[in-house]
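The points below are meant as a colleague's notes for someone who is opening this structure for the first time. Please read them with the sequence and the structure side by side.

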Amino acid sequence: RRKLRADVAAAFPHLSSEQLTEFIPNKEELNVIKIYSHKGEAVTVYMNSKNPILFEIDKALYPTVYTLWVYPDLLPAFSTWPPVLQKLAGGADLMLPGVVVPSSGFPQVERGTLCAVTLLGNRAPVAVGVATMSTAEMLAAGMKGKGFAVLHTYMDHLWEYGDKSSPPTLAPLVTDSAEKESDEDEEEMEGKDPVISFSTDPLQHVDVGDLSLKEQDGCAVLVGKEELDENSAGEAAEGANTGVQQEAEDSRTPQEQMDALFNQCFFHALKCKVKKSDLPLLTSTFLRSHMFSCCFFLQQLDIKKSSYKKFSKFLQCMQQQKILQVKELNKGVESIVEVDWKHPEIKAFAVPEGFSSASAAQDSKSEDREQVYRAPEIIPLYGVSAKMIPLFQESGHKKGSILSSSEVRNIIINYVKTNELVDETNKNFVKVNAILCDCLLDKSEQDEISHLKWDDLLSRCLERLQPLHQVTFFGQEPIVRKGNIEPIDITIAQRSSNKKVTIVKNLELYGLDPQYVANVLQQKVQASASITPVPGTKDRVQVQIQGNQIQHLAKMLLEEYQLPRKYIQGLEKAPKLGRKK
């Protein structure tokens, strides 16, 4: 801890001694973890109060966005336009055309200087990057080319190790009246669709076609422009050009533009995304899962910038036109219960250019596609923990290495044979040497146990490794998650008047859409079914259906969806059929 504090003081000399003590506290728990980027780079992460505060690559320390939200002036900062953030979070470096030139001028930095990236109007940093040229070189280059190699951003995998909070709103340090006017202009522009150009000044032109995009599988990902696939570059440039052209021809107020965007995405979603079997559909799900995906490149729906101000008022307006019907099926939760797909407005709507007709045709047939469910392949995996390193380092594995059970078994067998630990008198037993003793025995057992059976040896080894699991959905890349997979949890709850309801959780972990399962169950058992949030969580939902419906669920999950019984918990609570007298 003392060495870390000295390293932080050397890396960030502007921190006062009080700030340094606050940054690296004496008594609070400080954890160190090591993760690997998709390129195989080792990244050491320092955690404090459940948030990553620093990360280290090649012995160089970098602050995380969580730290910069507490100390926003720790690094020289450069601003960019808000729409650029999603590209940075996707793995892109920050190009100079995307950097906003303030009236007070840029901070003076040299090539290789660590810098923060902020969004216009908010001093809270959203990214950390290294300047690829000095301030003078940026201006001399006419603000063209790559400005910053981005190491870490808000919403990347490193940020997900923390509490996943959003950036605070910190007022910019306004130095003169010109910058105040610039801020006022920005506020007026916020209501408009996010587009490429916000100014006629060539230095303030965001050329998204220059952004090098690459999916980010870990932190500390540096993406060069040469890695950009030519096809995706063409698509990005085409979308950007469309946005510029639309902006040039659009003379509507920002509010009118947002109203038009909401109408366009609303009818697009109803025509191509929503099916009759989806109903009843939560209004929040309709907005988040269907309407958002109908936006053009770099456009963003923001109901507060429209004339409606609330999404419920927008839907009320659509209901008055008899396009759909909204009801409050659960207290405080509204759902779309009926849609008139023969309404002239829906029939007359044409899918905008830029959205492929093929995808629209696929969406119209998605009901058939959703009914064909394939159970995911689930494989238990094991990570080498710090305590088990001595046992696995001979086979070339280190902390964090991920292994299957068969690989663990082979490694243990080879270790025992290499070190000649098989008992000569009884080959069913293995002699416990110092490493096996430290790794597999509890303190109370170390003086008592000198031999272990093969099965006991292997089971103890698996118990002391970090549990992981790999889920592979049909047609998708495998996903590795920490811990053991949670089973689908079926419980029976008692409601007023002695009524029972069946509650089903964790369907999403197995690639099942809770809304779809609720709709199918509702039709099969002719009972009311709904989707409700899982208590104590933010983004998890559960299916709730009237009565004890475990028998129907068992048939659906085991026979129709072919899920293994071991991944379903609560089937024993099915109602028992009484004997006829």
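1. A residue is called buried here when its relative accessible area is under 20%. By that cut-off, helix H20 (residues 550-560) has Ile 550, Leu 553, Ala 554, Met 556, Leu 557 and Leu 558 as buried residues. Please keep in mind throughout that this is a predicted model.

2. What covers the buried residues of H20? The cover includes strand E19 (488-494), strand E20 (500-505), helix H19 and strand E23 (568-569). Just after H20, the backbone at Gln 562 adopts a positive phi of about 60°.

3. One of those covering elements, helix H19 (residues 514-525), packs against H20 at an angle of about 125°, and the two axes are 11 Å apart. At that angle H19 and H20 are therefore oblique to each other, and H19 passes H20 in a right-handed crossing. On the H19 side the contact is formed by Val 517, Val 520, Leu 521, Lys 524 and Val 525, while H20 contributes His 552, Leu 553, Met 556 and Glu 560. These contact residues divide into 6 nonpolar, 1 polar and 2 charged. Leu 553 and Met 556, which take part in this contact, are also among the buried residues of H20.

4. A second helix pair deserves a look: the axes of helix H9 (residues 254-272) and helix H11 (residues 311-320) come within 12 Å and cross at roughly 65°. H9 and H11 are therefore roughly perpendicular to each other, and H9 passes H11 in a right-handed crossing. Where they meet, H9 offers Phe 262, Asn 263, Phe 266 and Phe 267, and H11 offers Phe 311, Phe 314, Leu 315 and Met 318. The contact residues here divide into 7 nonpolar, 1 polar and no charged.

5. Several of these residues belong to a wider aromatic group, in which ring pairs link Phe 262, Phe 266, Phe 267, Phe 286, Tyr 308, Phe 311, Phe 314 and Phe 349 into a cluster. Elsewhere in H9 lies Gln 257, which counts as buried because its relative accessibility is 2%. The C-alpha atoms of Gln 257 and Ser 306 are 8.0 Å apart in space, although the two residues are 49 residues apart in sequence.

6. How many aromatic pairs does the structure hold? There are 16 of them, and one is formed by Phe 23 and Tyr 71, whose ring centres are 5.6 Å apart and whose planes lie at 45°, so the pair is tilted. This pair links distant parts of the chain, 48 residues apart, with Phe 23 in helix H2 (residues 17-23) and Tyr 71 in the loop between helix H3 (65-70) and strand E5 (77-80). Phe 23 counts as buried at 4% relative accessibility, and Tyr 71 is buried as well, with a relative accessible area of 10%.

7. Finally, is Thr 153, which lies in strand E9 (residues 146-153), buried or exposed? At 1% relative accessibility, Thr 153 counts as buried. Leaving aside residues up to four places away in sequence, Thr 153 touches Val 65, Leu 88, Ala 89, Val 126, Ala 127 and Trp 159.

Key:
Residues are numbered from 1 along each chain as its sequence is written. This is a predicted model: local features need pLDDT of at least 70, side-chain atom pairs count only at pLDDT 80 or more; totals for chains, interfaces and linings use all residues. Side-chain values use heavy atoms; hydrogens and water are left out. Axes are lines fitted to C-alpha atoms, for helices over the stretch in contact, and angles run from 0 to 180 degrees between N-to-C directions. Helices (H or I, at least four residues) and strands (E, at least two) are DSSP runs, numbered from the N terminus. Angles under 35 degrees count as roughly parallel, over 145 as roughly antiparallel, 65 to 115 as roughly perpendicular and the rest as oblique. A crossing is left-handed if the near helix is turned anticlockwise from the far one by less than a right angle, and right-handed if clockwise. Contact means heavy atoms within 4.5 Å. Ala, Val, Leu, Ile, Met, Phe, Trp, Tyr, Cys and Pro count as nonpolar, Asp, Glu, Lys and Arg as charged, and the others, Gly among them, as polar. Rings of Phe, Tyr and Trp (its six-membered ring) pair if their centres lie within 6.5 Å; planes under 30 degrees apart count as stacked, over 60 as edge-to-face and the rest as tilted. Buried means under 20% relative accessible area, exposed over 50%, partly exposed in between (1.4 Å probe, protein chains only).
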